[in-house]
2 protein chains.
Amino acid sequence: MTVAEQIRSQFDQLTPAERELANTLIANYPMAGLGTIMELATAAKVSTPTVMRTVKKLGFGGFPAFQNALHDELKQTLSDPIDKHDHWANDVPAEHMLNQFATAVTNNLRQSLKQLDHKTFDDVVTLLTEKERSIHIVGGRITHAFADYLQTHLQVIRKNSHMLPASSGLWPHHLLNVNEGDILVIFDVRRYEADLLELAKLANKRNVKIILFTDQWLSPITSYATHYFSCRIEAPSGWDSGVVTLFLIETLISAMEEVLWPETSSRLKELEDIFDFTGRFKR
Amino acid sequence: MTVAEQIRSQFDQLTPAERELANTLIANYPMAGLGTIMELATAAKVSTPTVMRTVKKLGFGGFPAFQNALHDELKQTLSDPIDKHDHWANDVPAEHMLNQFATAVTNNLRQSLKQLDHKTFDDVVTLLTEKERSIHIVGGRITHAFADYLQTHLQVIRKNSHMLPASSGLWPHHLLNVNEGDILVIFDVRRYEADLLELAKLANKRNVKIILFTDQWLSPITSYATHYFSCRIEAPSGWDSGVVTLFLIETLISAMEEVLWPETSSRLKELEDIFDFTGRFKR
DNA sequence: TATTGTTTGTAAATATTGTTACAAATATTG
DNA sequence: CAATATTTGTAACAATATTTACAAACAATA
């Protein structure tokens, strides 16, 4: 039973001043009840004790209790409609790693998306599709695989994307090939790597645009990055999860593809022809 | 500019405790900010002064001012007849690639988990944790990155895991190092690669146990595999999504870690020490 | 390693809110 | 119309919330 229903059901038992209150409360429900008891009293043009008596009459212990009820209701109304499946896998107990991980991962995704500024996303898509800029990609110990994945896909949809060598000793040398206005994509999640930070500083000095993929605690590279994505990486284990990071990479690729479709389609065609020729793939 | 946007835009200038607060605030926005300053502090596991400082940093005069801003926003949201709550990302149209992709990915996850036999999962965990077997990992053009990711993690929690060389010409040679009872983890999604199939046949002949990660259409290697996982890879674009594949890899790793914890912990400790020594990581 | 600056929490002080007691105002009844 | 009951608001009080001051913990730097 909602607070509004409670008010309506007892409306006829209220005194004139109390009805005044009830009316203003319902008139802009539930906002009117979210402030202080004084604000509500003023809005209804009654005194605070009247409010007090009314909420008690309605069955609440006091004004805070009444307000909590409103809060709980609001929570329901605003709560995510995205189903919280407590059981993802069939016939598997909820404590099974599969279910735990599925829950954690979707939470990560939901929260990361809430924090993501979509303008950042769109700006990055624009940057990455400007073909006069060349792209350079680098990752850390764990994130190296993501850098690899991004590169594999970028290669197909545009020219001039390169992986930085695995050995950090070669990075300064490689930076000579990076021009002002070029893009450096860095993956850096905890524990943040000192070499990557140095690289970012150097690149920043050369006016290279830095796009950073990091975690919710933000790598120190953030200060040097033109744009950054913070992907939540919580997992029910000692490990971190890269699922959200991968999600973002793939979404970026898809968004880029939309923009670049004319060029992409012909590149893809060429690629298919080459693979057909080499016979590496099953038809 | 909404409070949420204000938080996002200044997120990188916040201190760790302040970020903690910002995260919980955004995670269940705006409900978390509607109670008292103490409730918010408790929810975020910080002290009330931290909340105080944060809201001032965000540009509000004090907590009540901050709360009023939330109230005003909420008023807007609640009077807005358009249901904004169907979206993953805030303030982004439903047709935006971010929302489309998020929906697709969670559907993939749900469906993949429905089809997954958890006994297969548990059996694979058992197989991979038997340390007398050595593990060999190989991926295709796209899936190479996943093979890499798996290897990076396996390396930490157990001995004797190896990546097959990138060039398929070297695989037959490498197979000589693989003994009966060893494990070959293969990643093969469409378009299925002929070389990988040949490799699987050879390995099968040598009584190597094959664990296969493939898509919902099942690679031809499935017939030679001891266990296989089919991960749905549908995406709203010409590309396939590897999110479910990564999810499974990470879940496997976590499950293995649970089993192997005694050994893992000491290996992890060693690893940390080495990294500390080399100074590659920020503390 | 000592020094400095930053971050964070504890605890006291201040302000505000919620509650109660009581009296004035209003309505009700004989 | 007076007596009584009911309703309502004023003002004091108590409880709680917000803010500030300060000190401990922590990280950065020399």
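What share of the atoms of DNA strand D within 4 Å of the protein belongs to sugar or phosphate, and what share to bases? Sugar or phosphate accounts for 67%, and bases for the rest.

The model is predicted; local features need pLDDT of at least 70, side-chain atom pairs count only at pLDDT 80 or more, and totals for chains, interfaces and linings use all residues. Residues are numbered from 1 along each chain as its sequence is written, chains are lettered from A and ligands numbered from 1 in the order in which they are written, and side-chain values use heavy atoms, with hydrogens and water left out.

**View 1. The protein surface near DNA strand D.** The strand has 16 residues around it; a residue is near a strand if one of its heavy atoms lies within 4 Å of it. Thr15(A), Ala17(A), Ile37(B), Lys56(B) and Phe63(B) come nearest. The surface divides into 9 nonpolar, 5 polar and 2 charged residues. Here Ala, Val, Leu, Ile, Met, Phe, Trp, Tyr, Cys and Pro count as nonpolar, Asp, Glu, Lys and Arg as charged, and the others, Gly among them, as polar.

**View 2. Side chains at the phosphates of DNA strand D.** Lys56(B) places a side-chain N or O atom 2.6 Å from a phosphate oxygen. For Thr50(A), the distance from a side-chain N or O atom to a phosphate oxygen is 3.1 Å. A polar side-chain atom of Ser47(A) lies 3.2 Å from a phosphate oxygen.

**View 3. The protein surface near DNA strand C.** Around this strand are 17 residues, of which Ile37(A), Lys56(A), Phe63(A), Thr15(B) and Ala17(B) come nearest. Sugar and phosphate make up 69% of the strand C atoms that come within 4 Å of the protein. The residues of this surface are 10 nonpolar, 5 polar and 2 charged.

**View 4. Backbone and base contacts of DNA strand C.** A polar backbone atom of Ile37(A) is 2.5 Å from a phosphate oxygen. Phe63(A) has a backbone N or O atom 2.8 Å from a phosphate oxygen. At a base, a side-chain N or O atom of Arg53(B) is 3.2 Å from a nitrogen.

**View 5. Packing of helices H2 and H3 in chain B.** H2 (residues 16-27) and H3 (residues 37-44) pack at about 105 degrees, with axes 9 Å apart. The two helices are therefore roughly perpendicular (65 to 115 degrees). In contact (heavy atoms within 4.5 Å) are Glu20(B), Leu21(B), Thr24(B) and Leu25(B) of H2(B) and Leu40(B), Ala43(B) and Ala44(B) of H3(B).

Notes:
Axes are lines fitted to C-alpha atoms, for helices over the stretch in contact, and angles run from 0 to 180 degrees between N-to-C directions. Helices (H or I, at least four residues) and strands (E, at least two) are DSSP runs, numbered from the N terminus. Angles under 35 degrees count as roughly parallel, over 145 as roughly antiparallel, 65 to 115 as roughly perpendicular and the rest as oblique. A polar contact is a pair of N or O atoms within 3.5 Å; within protein, one must be able to donate a hydrogen and the other to accept it, and residues adjacent in sequence count only if both atoms are side-chain atoms.
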